[in-house]
Amino acid sequence: MKKVLFLAIAVGMVGCKAQQPKSIESADVMEYANTITADELKDHLYTFASDEFMGRDTGEPGQKLAAEYLKEEYQELEIPSPLGGDDYYQEVPSSAFGRGNIKDSENVLAFIEGSTMPEEILVLSSHYDHVGVDDEGNIYNGADDDGSGTVAILEIAEAFMKAKKDGYGPKRSILFLNVTGEEKGLVGSRYYTENPVFPLENTVTNLNIDMIGRIGEGMENSGDYVYLIGSDKLSTELHNLSEEVNSKYLNLNLDYTFNDENDPNRFYYRSDHYNFAKHDIPIIFYFNGVHEDYHRPTDTPDKIEYDLLAKRAKLVFLTAWEVANRDERPFVDKPTLTEESE
Ligand SMILES: [Zn+2]
């Protein structure tokens with residue numbers, strides 16, 4: 001009996017080896033994390049936050065150019081759109097913005113399908129719009145806000161795709177969601193969550209990046225830090241996973257100052273992750289804090305700390321890897337926290 005069973009298993013293993021992805025546990029995850037480099041982030045950002053993109057104002061030509069840039073990068077990386085074919089855009093119609101004459105705009109979506117739990121989705125997001133050009137013609141390049149998050153998402157997508165090509169594709173699916181209209185009131189992410197491409201009940205986590213390229217006010221002596229907001233608000237498990245990943249691989253200084261419910265800045269409610277959190281989807285928001293160039297024409301790519309940006313992007317990648325590949329999705333053990341319930 002034993003022998004027969006062993007033989008059957010052996011035959012089974014040989015039989016499906018060619019088609020099956022390799023065991024994810026045998027992957028050297030740091031090899032893929034290390035494909036996220038300061039140089040590549042810099043290359044992307046010097047284009048993405050250049051004057052040519054005119055501050056990427058929602059619905060305006062600069063934002064369209066930025067959308068095109070993202071689409072072409074995903075195509076070059078051979079990462080498909082979940083919408084099929086060449087269509088990487090989820091249109092966010094003018095009407096979604098309410099008042100203010102904002103033109104039609106678009107979220108840019110790319111997708112890596114999971115190997116064993118494809119119906120469960122991890123969303124990695126950042127906003128790619130910014131505030132445009134002022135009346136005097138000053139261009140708001142938005143290198144940190146949120147060029148930094150956008151180029152980080154591109155590099156993270158590249159790392160996951162490289163792993164997939166090596167046979168180490170993620171078990172769960174990953175949606176790379178570059179949202180528009182954040183600066184107009186989190187509109188692109190709200191539109192996505194009201195018109196989701198994948199059911200929200202199968203959306204297991206959202207990791208959102210908004211400004212991770214600079215050293216924020218008062219953080220000059222904090223070493224390699226990043227602010228984490230929201231990690232424990234819905235799922236203790238997600239928070240613990242995030243802490244474990246950081247201590248295992250990177251040891252960044254994870255700062256929870258702005259995670260305090262009494263913090264007057266209320267950042268938990270102020271970027272795109274909130275639109276997922278209010279639907280009970282666990283989130284982590286990665287942030288460097290505000291600085292003197294925040295929402296000024298001086299938020300330029302020459303001021304970015306590229307080594308630190310690379311380390312923070314690696315943290316998001318490694319955390320995403322763990323969420324995408326562990327047996328169970330992060331368990332929600334806390335009640336929803338909404339602005340209204342405050
Ligand atoms: Zn922002």
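This text walks through a predicted model of one protein, from its overall form to its zinc site and its largest cavity.

The protein has 342 residues. A compact globule with that number of residues would have a radius of gyration near 20 Å, and the protein has 20 Å, so the two agree. The C-alpha trace spans about 80 × 45 × 40 Å along its principal axes. The secondary structure consists of 9 helices and 8 strands. Of the residues, 56% count as buried.

One buried residue can serve as an example. L70 sits in helix α4, which covers residues 61–76. Its relative accessibility is 0%, and buried means under 20%, so L70 counts as buried. Distance along the chain and distance in space can both be given for a pair of residues. L70 and G132 are separated by 62 residues in sequence, and their C-alpha atoms are 18 Å apart in space.

The next stop is the zinc ion. Which protein atoms act as its donors? They are NE2 of H127 and OD atoms of D145 and D210, with D210 listed twice. These donors lie 2.0 to 2.6 Å from the zinc ion. In sequence, the donor residues follow the spacing H-x17-D-x64-D. H127 and D145, 18 residues apart, link distant parts of the chain. H127 belongs to strand β3 (residues 117–127), whereas D145 belongs to helix α5 (residues 143–165). Both H127 and D145 are buried.

Why is the arrangement of donors around the zinc ion irregular? For four tetrahedral donors, the ideal angle at a metal is 109.5 degrees. To count as tetrahedral, four donors need all angles between 85 and 135 degrees. The 4 donor atoms here subtend angles of 53 to 151 degrees, and the arrangement is therefore irregular.

The last topic is empty space inside the protein. Rolling a probe the size of a water molecule over the atoms shows where such space is left. How many cavities of 30 Å³ or more are there? The count is 1. The largest cavity holds about 50 Å³ of space. Its lining is made up of F258, N259, D260, E261, D263, R266, F267, Y268 and Y269. Sorted by class, the lining has 4 nonpolar, 1 polar and 4 charged residues. Tyr and Phe count as nonpolar, so F258, F267, Y268 and Y269 fall in that class. Asp, Glu and Arg count as charged, so D260, E261, D263 and R266 belong there.

How values were computed. Residues numbered from 1 in each chain as written. Predicted model: local features only at pLDDT ≥ 70, side-chain atom pairs only at ≥ 80, totals over all residues. Heavy atoms only, no water. 1 Å grid on protein atoms, 1.4 Å probe; cavity = no way out; pocket = protein on both sides within 12 Å on 5 of 7 lines; lining within 4 Å. Points joined across faces, edges and corners; volume = space filled by probe spheres on them. Donors = N, O, S within 2.8 Å, 3.2 Å for Na, K, Ca; no water. Tetrahedral: all angles 85-135°; square planar, octahedral: opposite > 155°, others 65-115°. Helix = DSSP H or I, 4+ residues; strand = E, 2+ residues; numbered from the N terminus. Buried < 20%, exposed > 50% of the residue type's maximum accessible area, 1.4 Å probe, protein only. Rg over C-alpha atoms; globule rule 2.2 N^0.38 Å.
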